[in-house]
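Please open the model in your viewer and keep the sequence panel beside it, since each stop on this tour begins with something to select. Take the stops in order, and rotate the view freely before moving on.

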Amino acid sequence: MVNKYIFSIFFLILLVLTSFTYADENPELQILVSDKQEKILSLSIMKEELKQYKITLNDPYYKKEKQYKAFKLKDVLNLAYSSKWHLGDFTDLTFRAYDGYESIAVISKLENEGGYIVFRDLDYQDWEPISFTGAYPGPFYIIWTGKGQTAKNGYPWPWQLESINLVTFNDQFPETVPKSADKNSGVYKGYELFKGRCLRCHSINGQGGKIGPDLNAPKNILEYRNADFVKSYIKDPSQFRFTHMPDHKDLSDKQLTSLIDYFLYNKEKNRWSFDEKN
Ligand code: HEC
């Protein structure tokens, strides 16, 4: 009886160990177009097809110099999509991590040099955990080496990357688009800013990132906060709280006002507070 028990435990451990080794040796990246799976790129396929680079980077998450083995992001995208990612109505790529975190980036940014997909941490046997979260960035981690290529400026830095999805933004997040606003209006400028810098963490009408709160559903942010507070909060949240929301000190008053215009537009269209009144 006892023997049988020990044997099953042993077998289970063996099973878990083999599956881990397997996952570590040849992790896979899922390649999607408008949410549909197109192909799977395994690390071994990428190693066969793509040039490998050794990168030394002052990593903003580790806050120190790191050495990595990586592929060029553009090479991976070309292998995944050939020329399709530059064509048609596609506007953005979304990058989904194993924990559900999704970052969105416009294609014109991803066409720039400087982006790499790291597949190995050269300073560490496996992956070094990032101290403030304890998370391992592997199996795939996107980094940018150019000056100003920060997450804040719309360059995605997801770690534990699971899938890449080529999308048309307006099909993917239709609820965030201010459909009746003029392209030159403050509302539209605010929307573009929101899309580039806030949407990866915040949703509007239920669509977008899940790290921060939805800013229109069920109540619009301006129904319980005044505009001046919201502006100073966006600019400098760390003055108010210890928070995961980054400061946006570079935003001008005009840009902050355009964000308010965008929130006001959404407030007028808010169907949740309308339901509440009835
Ligand atoms: C990295 C993720 C992240 C990004 C990027 C981000 N936020 Fe936030 N934001 C949060 C989180 C988390 C909270 C909620 C908790 C907090 O305030 O710390 C928050 C809270 C807020 C609040 C509510 C404050 C309150 O007390 O009601 C507003 C308004 C806001 N964010 C606007 C923005 C805008 C506008 C942008 C883009 C310019 C932005 N955020 C970018 C994560 C983010």
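**First stop: proline 156**

Select proline 156 and then show its surroundings: setting aside the neighbours within four places in sequence, this residue is in contact with Phe95, Ser103, Ala105, Ile142 and Ala151. The model in front of you is a predicted one, and that should be kept in mind at every stop. Proline 156 itself belongs to the loop between β8 and β9, the latter covering residues 161-167. Is proline 156 buried or exposed? Proline 156 is buried, because 22 other C-beta atoms lie within 10 Å, and 20 or more are needed for a residue to be called buried. Now add valine 106 to the selection and draw a distance between the two C-alpha atoms, which are separated by 9.6 Å although the residues stand 50 apart along the chain.

**Second stop: aspartate 99**

Move next to aspartate 99, which you will find in the loop between β5 (92-97) and β6 (102-106). Aspartate 99 is exposed, because there are 12 other C-beta atoms within 10 Å, and a residue with 12 or fewer is placed in that class. If you also select leucine 161, you can draw another distance across the chain: the C-alpha atoms of aspartate 99 and leucine 161 are 9.2 Å apart, with their positions 62 residues apart along the chain.

**Third stop: the whole chain**

Zoom out until the whole protein chain is in view, and colour it by secondary structure, which should show ten helices and eleven strands. Of the 278 residues in the protein chain, 27% are buried. When contacts with a separation of 6 or more are considered, 60% of them in the protein chain join residues that are 24 or more positions apart.

**Fourth stop: two helices against α9**

Select residues 253-268, which form helix α9, together with residues 227-235, which form helix α8; these two helices pack at an angle of about 125°, and their axes are 10 Å apart. That angle makes α8 oblique to α9, and α8 passes α9 in a right-handed crossing. To see the contact, show the side chains of Ala227, Val230, Lys231, Ile234 and Lys235 on α8, and of Leu256, Leu259 and Ile260 on α9. Sorted by class, this contact of α8 with α9 has six nonpolar residues, two charged ones and no polar ones.

Keep α9 on screen and select helix α6, residues 186-197, which packs with α9 at an angle of about 100°, with the axes 7 Å apart. How does α6 lie relative to α9? The angle makes α6 roughly perpendicular to α9. On the α6 side the contact is made by Gly186, Val187, Lys189, Gly190, Tyr191, Leu193 and Phe194, and on the α9 side by Gln255, Thr257, Ser258, Leu259, Asp261, Tyr262 and Tyr265. Within this contact of α6 with α9, seven residues are nonpolar, five are polar and two are charged.

**Fifth stop: the ligand**

Centre the view on the ligand, which is surrounded by 22 residues, the closest being Cys198, Cys201, Gly212, Thr243 and Met245. Helix α8, already visited above, gives the most to this shell, with three residues. The shell around the ligand is made up of 13 nonpolar, five polar and four charged residues.

**Last stop: details of the backbone**

Select glycine 138 and proline 139, and look along the peptide bond that joins them, which is cis, with omega near 5°; proline 139 sits in the loop between β7 (115-121) and β8 (141-144). Then go to alanine 217 and proline 218, which are also joined by a cis peptide bond, here with omega about -5°; proline 218 is in the loop between β11 (207-208) and α7 (221-224).

Finish with serine 34, which is not a glycine and yet has a positive phi of about 45°, in the loop between β1 (28-33) and β2 (36-42), and with asparagine 205, likewise not a glycine, whose phi is positive at about 55°, in the loop between β10 (203-204) and β11. Serine 34 is partly exposed, with 13 other C-beta atoms within 10 Å, whereas asparagine 205 counts as buried, with 20 C-beta neighbours inside 10 Å.

Technical notes. Residues numbered from 1 in each chain as written. Predicted model: local features only at pLDDT ≥ 70, side-chain atom pairs only at ≥ 80, totals over all residues. Axes fitted to C-alpha atoms, helices over the stretch in contact; angles between N-to-C directions. Helix = DSSP H or I, 4+ residues; strand = E, 2+ residues; numbered from the N terminus. Parallel < 35°, antiparallel > 145°, perpendicular 65-115°, else oblique. Left-handed = near helix turned anticlockwise from the far one by under 90°. Contact = placed C-beta atoms within 7 Å. Nonpolar A, V, L, I, M, F, W, Y, C, P; charged D, E, K, R; others polar. Near = placed C-beta within 6 Å.
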